[in-house]
Amino acid sequence: FKISLDTYKLGLAFAEDYNHDALSATKFASRTDSLIAINGGFFSPDFEPLGLRIEQSQQRNPLKKTSWWGVFYIKGKQANVVSQRQYHSSLHPQFAIQAGPRLVVNGRVPKLKDGFAERSALCVTRTGDVIITITERSPLTTTQFARILQSKQSKGGLGCYQALNLDGGNSSQLYAKVPGFTLKVNSLHNVTDVITCLLYTSPS
């Protein structure tokens, strides 16, 4: 799904806010009236989120000093992906999520540790659009996935300039319901948080 931040906004929803340890993306979408809900970042066996989470400019979870993780953040209506070391709290983003690894860095695929799994990611194109993407019944290595994200659309790719891998594998899941189209990608596990997409509403 390619979205413009002029029209849509990303948010985070947390299972603990609904008195649960974890929920499916489908249930998160129902509770938040989201157009799209996709699994978020990593979490512990005790259902504690791991890594930075910022929602509506409020930090819900601190930055984790894991060198190979990155941070996807939105400030104003501009999205970016940076390394853990490059991120500073002085940025004061409205939205941020930490996960990893970074799959596309300035238009290039870095050296990645491979292993087949279901995958999900957030991407930023050269024009500033955000792409929400997930595999469905087609496990890929991180490098295979990254090359699809990085390749030009004319070559069957998504044209991502920056991309961050989310918590995939058994957590990889998505629910989307937009006019004329519904998609449900199920998972073996519920998750502690999801990234949501809603229509942007200007303050009154």
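## Two strands and what joins them

Two strands count as a pair if DSSP finds at least two bridges between them. With that in mind, welcome to this structure, which is a predicted model. A good place to begin is strand S3, residues 36-39. S3 and strand S15 (residues 193-199) run antiparallel and are joined by four bridges, so they pass the cut-off of at least two.

S3 also has a partner in strand S13, residues 174-178, and this antiparallel pairing has three bridges. One residue lets you see both contacts: Ile 36 stands opposite Ala 176 in S13, and the bridge partner of Ile 36 in S15 is Cys 197.

## The sheet around S3

Now let us widen the view. S3 belongs to an open sheet of five strands, in the order S2-S15-S3-S13-S14, with antiparallel pairing. The edges are taken by S2 and strand S14 (181-185); each has a single partner strand, so one side of each is left without a neighbour in the sheet. From one strand to the next, the twist averages 15°.

Moving from S13 to the edge, we find S13 and S14 paired in the antiparallel sense through five bridges. Here Val 178 stands opposite Phe 181 in S14.

## Another five-stranded sheet

Another open sheet has five strands as well, with the order S5-S4-S8-S6-S7 and antiparallel pairing. Its edge strands are S5 (58-61) and S7 (78-83), each of which pairs on one side only. The twist in this sheet averages 20° from one strand to the next.

To look at one pairing here, find strand S6 (residues 70-75), which is linked to S7 by six bridges in the antiparallel sense. Within S7, Ala 79 is the residue opposite Ile 74.

## Salt bridges

How many salt bridges does the structure hold? There are four. One of them links Arg 53 and Asp 193, with 3.2 Å from N to O. Arg 53 lies in strand S4 (residues 53-55) and Asp 193 in strand S15, so this pair ties together parts that are 140 residues apart in sequence. Are these two residues buried or exposed? Arg 53 is buried, with a relative accessible area of 0%, and Asp 193 is buried too, at 1%; the cut-off for buried is under 20%.

Another salt bridge is formed by Arg 60 and Asp 17, whose closest N and O atoms are 3.0 Å apart. Arg 60 is in strand S5, while Asp 17 is in the loop between strand S2 (8-14) and helix H1 (25-32), so the pair connects parts 43 residues apart in sequence. Arg 60 is partly exposed at 33% relative accessibility, and Asp 17 is partly exposed at 44%. Glu 136 and Arg 137 also meet in a salt bridge, at 3.3 Å from N to O. Glu 136 is partly exposed, with 34% relative accessibility, whereas Arg 137 is exposed, with 70%. Finally, Glu 16, Asp 17 and Arg 60 are joined into one network by salt bridges that share partners.

## Cysteines

A disulfide is a covalent bond between the sulfur atoms of two cysteines. How many disulfides does the structure hold? The number is zero. Cys 197, the residue we met as the partner of Ile 36, is in no disulfide: the nearest cysteine sulfur belongs to Cys 123 and is 14 Å away. A disulfide needs the two sulfur atoms within 2.5 Å.

Both of these cysteines are buried. Cys 123 has 0% relative accessibility, so Cys 123 counts as buried, and Cys 197 counts as buried at 1%.

## The largest pocket

Our tour ends at the largest pocket, which has a volume of about 450 Å³. It is lined by 21 residues, and those closest to its centre are Lys 9, Leu 10, Gly 11, Glu 55 and Gln 56.

Which elements give two or more residues to the lining of the largest pocket? They are S2 and S15. S2 supplies the largest share of the lining, seven residues. These strands are familiar from the sheet around S3, where S2 and S15 come one after the other in the order.

Technical notes. Residues numbered from 1 in each chain as written. Predicted model: local features only at pLDDT ≥ 70, side-chain atom pairs only at ≥ 80, totals over all residues. Heavy atoms only, no water. Axes fitted to C-alpha atoms, helices over the stretch in contact; angles between N-to-C directions. Buried < 20%, exposed > 50% of the residue type's maximum accessible area, 1.4 Å probe, protein only. Salt bridge = Lys/Arg side-chain N within 4 Å of Asp/Glu carboxyl O. 1 Å grid on protein atoms, 1.4 Å probe; cavity = no way out; pocket = protein on both sides within 12 Å on 5 of 7 lines; lining within 4 Å. Points joined across faces, edges and corners; volume = space filled by probe spheres on them.
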